[in-house]
Amino acid sequence: MKYGYFDDSLREYVITRPDTPLPWINYLGCQAYFGIISNTAGGYSFYRDARLRRITRYRYNNAPYDFGGRYIYLRDDTSGEFWSPSWQPTRRKLENYSCRHGMGYTIIGSKYQGIEASTRYFVPLDENLEIWQTTVTNHRPQAAELSVFSLIEFCLWDAQDDSTNFQRNFSIGEVEVEDRVIYHKTEYRERRDHFAFFACSEKTAGFDTQRDAFLGAYRGWDNPAAVERGQSGNSVAHGWAPIGSHHVKLSLKPSESRQIVFVLGYQENPRDRKFDPLDSQILNKKTAKEVIAKYLVPAKADAAFEKLRRYWEELLGLCQVDTPDVHTNRMVNIWNAYQCMATFNMSRSASFYESGIGRGLGFRDSNQDLLGFVHMVPGRARERILDLAATQLPTGGAYHQYQPLTKRGNNDVGSGFNDDPHWLILGVSAYIKETGVWSILDERVPYDNAPGSETPLYEHLQRSFRYTLDRLGPHGLPLIGRADWNDCLNLNCFSDSPGQSFQTTTNKDGKVAESVFIAALFVHAGRELAQIASRRGLPGECSSYLAEVSKMDATIRKQGWDGEWFIRAYDDFGRKVGSKECAEGKIFIETQGYCTLAGVGIDDGMAARALESTRKLLATKHGIVLQQPAYSKYYLELGEISSYPPGYKENAGIFCHNNPWVIIGETRVGNGDAAHDYYTRINPSAREEISDVHRCEPYVYAQMIAGRDAPTHGEAKNSWLTGTAAWNYFAITQWILGIRTDFDGLRIAPVIPGSWSGFKATRKFRGTTYQIEVQRAGPGNQVSLEVNGSSVPGNLVPLPPAGAKTVAVKATLR
Ligand code: GLC
Ligand code: GLC
C-alpha cells in the first residue's frame, strides 16, 4: 500500500494522505541554518548545532508522534470554523491534501470548505532564515472572511536544557514585538549575542507570544483559544513558554488568491552593539531588519527559491544515470544523492530518530559519509576531512565523535573504537580519487586540536595504519577495543548494571578480544595507503604496507575462516564469535561483506563461499540480516548486541549500512545479478508498494529494517541519517554501474545484471563531463573501451588534456 507517489520530473515525493504510518520528513537548509519538516508541517529549526542553537521547540516521542512545528491555522470568520491546511494540529478531514517533499523545500496544502491553502517552506541559500509562503485561494461562489494564524514555539536555545531545566526556564523567556516582527531574546541579557525573529508580510490584526495566552488553560494545539475566538491576545511572554503567532485577516472575493510570507530567522549581533540604545536592554534589531524586509517581498522569496532549485539541479547533475531500472535511476539521480547531502550536513544529529542533543559528528560515520557526497561538495569534504583529522589522537586513535560548533573531540564518549582510524584513510583516498588534489596530504593538521602538534595530513594516515599494528591480539588479529564498526559488539564491556553505557564501559583490559572485521578493514585501507605512498614517491613505504596487508590477509584466512564463512571476532575468553561452534550468532554479515569487498579470499574461493553462505543463511526478501541465529538472551561477554530483542538493530536486524558491502563483494566475484538483487531488496523506492509494512519514507534509506526474527519483519526504523545512504550510493554507482573514481582517472567496470542490455550515464569528474554508454554484447563483465571513438586498453579512461569539456566513453561488455 502506498501513501503517495514519486514525481521524478520535479524531483519530489508527493504524499497524498496526511496519516502516513510515521511522520515522513524532509530537510530544509544546506549550509548553517537547518530544519526538519514532516508531511504535516511538524519539526524544528536550528542554527548549526541542533542541541546548542535550537530555534524552535519539538517534542520527541509524543502522541501523536509528530508534535511542534511550523503551523498555520485558518479560520472562517463567518462560521467560526477553523482548521490547519497541513492537517496537524487540528486534524480535520481535508480535501486534496498533498505534501510535496522536494530538494531542500516542502510544500503542504489542502482544501477545506472551498478554501485552498498551501505553504511552501524553504531556506534560501546563504541566509540564516526560513521562508514560508502561504497562498490562500477562495474557491467559493461568495466572498470569504478569513483569519490566518501562524504558530511556532521557541526553544530556549539549548535543547537539552530546554526539555529538563524547568525551575529556571519557566522564568527566563523574553521577547520583543516591533513592526509585526516577533523577536525571541531569551538569555540575551547575559551571555548570548543571538536572537530569533519571526516576521509576517501582511498587516496583522494581532499577535501572541505567550503560549498560555494563545492556547488558553488546559487546551492543546488542536484547539487554541485565540483561533477559536478569532482574535489574538497581543500577549507578551515573560517567562513560561514564548511562542510566535501572527494574526492576519483576509477578505477574499470568489477566485481571489493572496500570498502571505512569513520569515523565521536567526541573527547574531556584534557583542559591543547588542543593545539599542547601547545602555538599554532593548535588542539591537538593525542587523536583522534588512534581511527581513527583503524576504517578505514575494518576488524576492520566489527568486531565492529559484536559486535553490538551480543549486540542486547542478549538484544532482554531476552524476545522472539512465538504466533499465526505474528504482535505480530515481535513487541515484535524485534521492540517494540528496540523502547523502543530508548525512553530510547532519551526520547523525537531527532527524525524527536522532534528537539533536545526543551525538556530535561521528569520526567513523563522517568519513564513510564522504563516499556519498565528495563528488558534490569536494571543497567542503576537504574541510570535513581536516576537521576530523584534527580530532585524531597522537596514538593514531580517534575521538569517536566531535561537536560541530567547537570542532573538538567529545570527551564523554572518548576514543578506543579500534576501527575508527582506518576510515580516515578511506575518506582521504576517496577525496583524492575524486578530485586528484594530492596537496591535501601536505596540509598541516594537529592532533587532539593541540596547537604545536601539527603534522602533514599524510602522517595522520601513517599513524592510523600503525595504530592497528600496535594493537594486535593473540591470533595476530586487531584488538577490538570498545567496539568496531558494530558499536554494539562490546567484547570488553562486561556490564551488569543498568544505566551503564555499553559504548563507554570497559571492564576488561582489552588485550584478548579481536576483530576480524577490523582486519578486513585494515587490508582495505592498507592497500589504499600503499597506493597513496607509491604515488607520493615512497616505494619502500608502499611495499612495507603491502607486506603488512598480505600478512593480515593470511591471518584472516587462517584464524578468521570457519570453513564456510568468515568468523566475526574472538571474545575476551579467546572464543570465536560468529562461528559454527557458537550456539547463537554463528554467522555475521560484516565479515562476509567486508572481507570480500577488501578482496580477501577472492583467488582461493573463500570469498565465493562466504557469499554463498550469506545468501543461504542471512538473506531475506527485505534485505540481509546482521547475524543468525539472533541472540535470544543477554550475554555479558558480547555486550549491547545481545541487549536488543531478536530481529532488531544489531541483533539480527537488517542493518542496511552493511548490505552494500555484500553487494560490492558480489561485484568483486563478478555476480551482477546477485549484487543488483540485494540492492533492490533494500532500495526504498522499490519498497514503496509495501509502505504499510516498511512504514518509513519510501524516498530515503533507513538504518534498519526489522529482521526475520522480529514480529514486525520488514518494518524500517531510523530513516535518513545513516551510513546506508553513502554506501548504497557508492555500491550502485561505483561497483554495479562501475563508474569508479581512481587515483589516475575514471574507471569503467560495470557488473550489471545479465538481463540489462546496458545503460547510459553522465558523470562530471575533475572538471570534465564524461558521457558514458555501456552496451552488453555478451554475458560477462569483460570491458572493451572506446574513448572519443578510439579504443583504449583496460578499463581506465585516460585523463583528458587539460580544459577538455567532454569525453565520450563507450564500454562494451562481453
Ligand atoms: C550506527 C552508528 C555507526 C555504527 C552502526 C553499527 O549507525 O552511527 O557508527 O557503525 O550504528 O553499530
Ligand atoms: C546504539 C545503537 C547503535 C549506535 C550506537 C551509537 O548502540 O544500537 O546502532 O551506533 O547506539 O550511539
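**View 1. Polar contacts of ligand 1 in a predicted model.** In this predicted model, an oxygen atom of ligand 1 is 3.0 Å from an N or O atom in the side chain of Gln703, where a polar contact is a pair of N or O atoms within 3.5 Å, and where, within protein, one atom must be able to donate a hydrogen and the other to accept it, while residues adjacent in sequence count only if both atoms are side-chain atoms. An oxygen atom of ligand 1 is also 2.9 Å from an N or O atom in the side chain of Arg364, and the backbone takes part as well, with a polar backbone atom of Trp485 at 2.5 Å from an oxygen atom of the ligand. On its own, ligand 1 has 310 Å² of accessible area, and the protein covers 95% of this area (areas come from the Shrake-Rupley method with a 1.4 Å probe, and for residues only the protein chains shown count as cover).

Residues are numbered from 1 along each chain as its sequence is written, while chains are lettered from A and ligands numbered from 1 in the order in which they are written. Local features need pLDDT of at least 70 and side-chain atom pairs count only at pLDDT 80 or more, whereas totals for chains, interfaces and linings use all residues, and side-chain values use heavy atoms, with hydrogens and water left out.

**View 2. The shell around ligand 1.** The residues around ligand 1, meaning those with a heavy atom within 4 Å of it, include Arg348, Arg359, Asp365, Asn486 and Asp487. By class, this shell divides into 2 nonpolar, 2 polar and 6 charged residues (Ala, Val, Leu, Ile, Met, Phe, Trp, Tyr, Cys and Pro count as nonpolar, Asp, Glu, Lys and Arg as charged, and the others, Gly among them, as polar).

**View 3. The surroundings of ligand 2.** Among the residues around ligand 2 are Cys488, Gln503 and Tyr644, and the shell is made up of 3 nonpolar, 2 polar and 5 charged residues. An oxygen atom of ligand 2 lies 2.6 Å from a polar side-chain atom of Glu650, while for Glu640 the corresponding distance is 2.8 Å, and for Lys649 it is 3.1 Å. Taken alone, ligand 2 exposes 310 Å², of which the protein buries 80%.

**View 4. Two packed helices.** Helix H16 (residues 659-668) and helix H19 (residues 724-736) pack at an angle of about 10°, with their axes 9 Å apart, so H16 is roughly parallel to H19, a description used for angles under 35 degrees. Helices (H or I, at least four residues) and strands (E, at least two) are DSSP runs, numbered from the N terminus. Among the residues in contact (heavy atoms within 4.5 Å) are Trp661 and Ile664 of H16 and Trp727 and Phe730 of H19, and the contact has 9 nonpolar, 2 polar and 1 charged residues.

**View 5. Loops with less common backbone geometry.** Most residues other than glycine have a negative phi, and most peptide bonds are trans. Ala41, although not a glycine, has a positive phi of about 70°, and is found in the loop between strand S4 (33-38) and strand S5 (43-47). A cis peptide bond, with omega about -5°, joins Ala63 and Pro64.

Technical notes: Axes are lines fitted to C-alpha atoms, for helices over the stretch in contact, and angles run from 0 to 180 degrees between N-to-C directions. Angles under 35 degrees count as roughly parallel, over 145 as roughly antiparallel, 65 to 115 as roughly perpendicular and the rest as oblique.
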